[in-house]
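The following report describes selected strand pairings, a helix contact and a single side-chain environment. Please consult the sequence and the structure shown here alongside the text.

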Amino acid sequence: MNDNGTGTHGAVLPDTPAPRDTPLVELRRAGKSYGNVRALHGVDLTVRAGRVTCVLGDNGAGKSTLIKIISGLHRHTEGDFLVDGRPVRFGTPRDALDQGIAAVYQDLATVPLMPVWRNFFLGSELTRGPWPLRRLDIARMKETADRELRRMGIVLDDLEQPVGTLSGGQRQCVAIARAVHFGARVLILDEPTAALGVKQSGVVLKYIAAARERGLGVVFITHNPHHAYMVGDHFSVLRLGTLELSAARGDITLEQLTDHMAGGAELATLKHELSQVRGVELDALPEDLGDTFPEGTT
């Protein structure tokens, strides 16, 4: 934002701060069309400080499109997108970052052969000395990276080790700590536990909870209702680009969330089809087939 209070697209923003109960990010009937194809339609989503908003959905549900809108990769084509109660239309991810919105994708944007501290400051390296003798301030970057990782509860014995030697859970946590250090108020996590085992998934979920305790608004994108229910405060389920469910934690059980995620109607159809296959004992199947997919892998 420029010093005169004008945003990147010419919209003059008021100098008065938003009320304390104003959501950090809010979508109202938001959608995105690519030509004649509607990828997202009529989606409402609210992200508040110190809360984890879980967005669930199967492949093709619209999760990626939603991430791209909030993180500034794509502009919404319908509805409203508000940050701190003010309408915005991001043109680039830099516009989103300037508003404190950071996305951590599955590839983590890390260089496996570089040390942990270099990856922590990748693209934002600290320097010292006058031009043209300016050089990397390695000591300060190591000290800062170690301090910020410890604040998130991550203790690494050697910051010189290549980030590729860390476990999947540890790499996710380094990316989260990096986003927090560089000013993220809203943290979008794209399927952070998708390729991890049970133990490493638990590590990542712990740091999601730690980010919430630090007052961040977290958007947790996942296809796993069990992981979502462990840390989530609000749940939104997308199906074919529309919002099928929006519920607070106190208003829904894990079983109900799993049923919405798996698609109760589709599972009923599956059970009917299985009844026509020899060798399948229907009496052994639960009434709610969501119970047969405990890891949310449907």
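## Strand pairing and helix contacts

Thr53 stands opposite His234 in β11. The model discussed here is a predicted one. The strand that carries Thr53 is β3 (residues 51–56), and four bridges join β3 to β11 in the parallel sense.

Strand β11 (residues 234–239) has five of its six residues buried, so the rest of the structure largely encloses it. Besides β3, β11 has a pairing with β12 (residues 242–248), in which the two strands run antiparallel and are joined by six bridges. Within that pairing, Arg239 has Thr242 of β12 as its bridge partner. A hairpin is formed by β11 and β12, with two residues between them. Leu240, located in the turn, has a positive phi of about 55 degrees.

An open sheet is built from four strands in the order β2-β1-β4-β5, with antiparallel pairing. Its edge strands, each pairing on one side only, are β2 (37–47) and β5 (86–87). Within this sheet, β1 (residues 25–34) pairs with β2 over seven bridges in the antiparallel sense. Glu26 has Thr46 of β2 as its bridge partner.

The strand pairings with a stated number of bridges are set out below.

| Strand pair | Sense | Bridges |
|---|---|---|
| β1 and β2 | antiparallel | seven bridges |
| β3 and β11 | parallel | four bridges |
| β11 and β12 | antiparallel | six bridges |

Turning to the helices, two packed helices are described by the angle and the distance between their axes. The axes of α4 (residues 138–151) and α5 (residues 168–181) come within 9 Å and cross at roughly 105 degrees. Angles of 65 to 115 degrees count as roughly perpendicular, and α4 and α5 are therefore roughly perpendicular to each other. On the α4 side, the contact is made by Thr144, Glu148 and Leu149, and on the α5 side by Val174, Ala177 and His181. The residues of this contact of α4 with α5 comprise three nonpolar, two polar and one charged.

The remaining site concerns Asn119, which lies in helix α3 (residues 116–120). Is Asn119 buried or exposed? Its relative accessibility is 0%, and Asn119 therefore counts as buried. A polar atom of the Asn119 side chain lies 2.6 Å from the backbone nitrogen of Val111. Leaving aside residues up to four places away in sequence, Asn119 touches Thr110, Val111, Met114, Val163 and Arg178. Val111 is thus named both among the residues touched by Asn119 and in the 2.6 Å approach to the Asn119 side chain.

How values were computed. Residues numbered from 1 in each chain as written. Predicted model: local features only at pLDDT ≥ 70, side-chain atom pairs only at ≥ 80, totals over all residues. Heavy atoms only, no water. Axes fitted to C-alpha atoms, helices over the stretch in contact; angles between N-to-C directions. Parallel < 35°, antiparallel > 145°, perpendicular 65-115°, else oblique. Contact = heavy atoms within 4.5 Å. Nonpolar A, V, L, I, M, F, W, Y, C, P; charged D, E, K, R; others polar. Pairing = 2+ DSSP bridges. Buried < 20%, exposed > 50% of the residue type's maximum accessible area, 1.4 Å probe, protein only. Polar contact = N/O pair within 3.5 Å; in protein donor to acceptor, adjacent residues only side chain to side chain.
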